[in-house]
Amino acid sequence: MADKIDAVVKTREITGKIFVASLVRIDNLSEIEVAEKILQETKNYPGVFPEGYYNPPPAGVAVIFDQKPFDRVKYDSLRLPEFWPSSTFKFSKESVGMIYFSPLDRETNMLGDLGCTIYRGEDPEIKEHIKKCYYAMLAIAEHTQVGMSFSDICSFTTNFIKDKFTLSRWITRNSNPAGMNLGHTVPGSYESLDFGKSFEEIKETITKKRIFIKETEDFKIMKTCAFTIESRLEDAHKQYLPSVHFHFIVCFDDGKKTIIENFQEIFKTVGMDYMNSR
């Protein structure tokens, strides 16, 4: 299964490069224009499918631009048409953006999702909030270890974010409408799967085979496996601040742990220098 873990790392690196190229000079661009840039840039990487598996939103790409009072970036689900990339909402100096793409490796069908919040405005409170959310999600990823159950991760998260953040679930087709959902397994990273042959069959297999990180899930982290940590956070006491999303992938390769980020070049490209200091 080590080759599958390598494929996850490689695909995620490609997604990071796609984001960097697509987020250059985005001032005054609409959500749909940035989504189109992402899909166009993906064509430069023949090793991945031309669209993402998480669909809807169309082609597996989500782009949300918002300003105060940040109602749009506190979306219910990216599945809903009102939150699909639009020509109405454009990126400006004080916009908060959420970008997500879900490509798949053609050879192994391993996913390389990447999602992040972007902001290069001048509001110090928003900057600090984004940093706090980023490092909180990273701390949850850092806490995971072989043998830990998904329900254990949720228990840790509940105590860790208590009185600090409100957790907004990353809503998916298979998720329980109630309770916590922190992410999911990467199907095929720890088991042999028949994904099917067509892209539609592959997408459907991934959708159905994901095991979600929720309070009632007893799945235990294996010595070789991969899973995502990807929920959104909001400040528990300052609801006027935006919902913040960062999507990490945790890989274990024969017990050796790697947390895949691929955010630093994105921060540099967008102009988020404040993210360089903890």
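## Aromatic cluster

Tyr 134, Tyr 135, Phe 246, Phe 248, Phe 263 and Phe 267 are joined into one cluster by ring pairs. This is a predicted model, so read every value here as computed from it.

Across the structure the count comes to 18 aromatic pairs. Take Tyr 54 and Tyr 100: their ring centres are 5.7 Å apart and the planes meet at 85°, so this pair goes down as edge-to-face. It's a contact between distant parts of the chain, with Tyr 54 in the loop between α2 (31-42) and β1 (61-66) and Tyr 100 in strand β2 (residues 96-101), 46 residues apart. Both Tyr 54 and Tyr 100 are buried.

Back in the cluster, Phe 246 and Phe 267 are edge-to-face too, because their planes sit at 85° with ring centres 6.1 Å apart. Here the link runs from the loop between β7 (244-245) and β8 (248-253), home of Phe 246, to helix α6 (residues 264-270), which holds Phe 267; the two are 21 residues apart. Phe 246 is buried, and Phe 267 is as well.

## Charges over rings

Tyr 54 has another partner besides Tyr 100: Arg 79 lies over the face of the Tyr 54 ring, 4.0 Å from its centre. A second arginine does something similar elsewhere, with the charged end of Arg 232 placed over the ring of Tyr 75 at 3.9 Å from the centre.

## Backbone oddities

Two cis peptide bonds are worth a look before you set up any torsion checks. One runs from Asn 55 to Pro 56, with omega near 0°, and Pro 56 sits in the loop between α2 and β1, the loop that also carries Tyr 54. The other joins Lys 68 and Pro 69, where omega is about 15°; Pro 69 belongs to the loop between β1 and β2.

Phe 70 is in the loop between β1 and β2 as well, and its phi is near 65°, a positive value in a residue that isn't glycine. With a relative accessible area of 1%, Phe 70 is buried. Asn 109 also has a positive phi near 65° without being glycine. You'll find Asn 109 in the loop between β2 and β3 (114-118), and at 10% relative accessibility this residue counts as buried.

## Cysteines without partners

How many disulfides does a search of the whole structure find? It turns up zero. For Cys 116 the reason is distance: the closest cysteine sulfur, in Cys 133, is 14 Å away, which is too far for a bond when the cut-off is 2.5 Å. Cys 154 is in no disulfide either, since its nearest cysteine sulfur, that of Cys 225, is 15 Å off and a disulfide needs the two within 2.5 Å.

Are these two cysteines buried or exposed? Cys 116 has 0% relative accessibility and so counts as buried, and Cys 154 is buried with a relative accessible area of 0%.

## The largest pocket

The largest pocket has a volume of about 160 Å³. Its lining is made up of Glu 125, Glu 128, His 129, Lys 132, Lys 164, Phe 165, Asp 235, His 237, Lys 238 and Leu 241. By residue type, that lining splits into six charged, two polar and two nonpolar.

Which element gives the largest share of the lining? That's helix α3 (residues 124-143), with four residues.

Notes. Residues numbered from 1 in each chain as written. Predicted model: local features only at pLDDT ≥ 70, side-chain atom pairs only at ≥ 80, totals over all residues. Heavy atoms only, no water. 1 Å grid on protein atoms, 1.4 Å probe; cavity = no way out; pocket = protein on both sides within 12 Å on 5 of 7 lines; lining within 4 Å. Points joined across faces, edges and corners; volume = space filled by probe spheres on them. Nonpolar A, V, L, I, M, F, W, Y, C, P; charged D, E, K, R; others polar. Buried < 20%, exposed > 50% of the residue type's maximum accessible area, 1.4 Å probe, protein only. Phe/Tyr/Trp six-rings, centres within 6.5 Å; stacked < 30°, edge-to-face > 60°. Lys NZ or Arg CZ within 6 Å of the ring centre and 35° of its normal.
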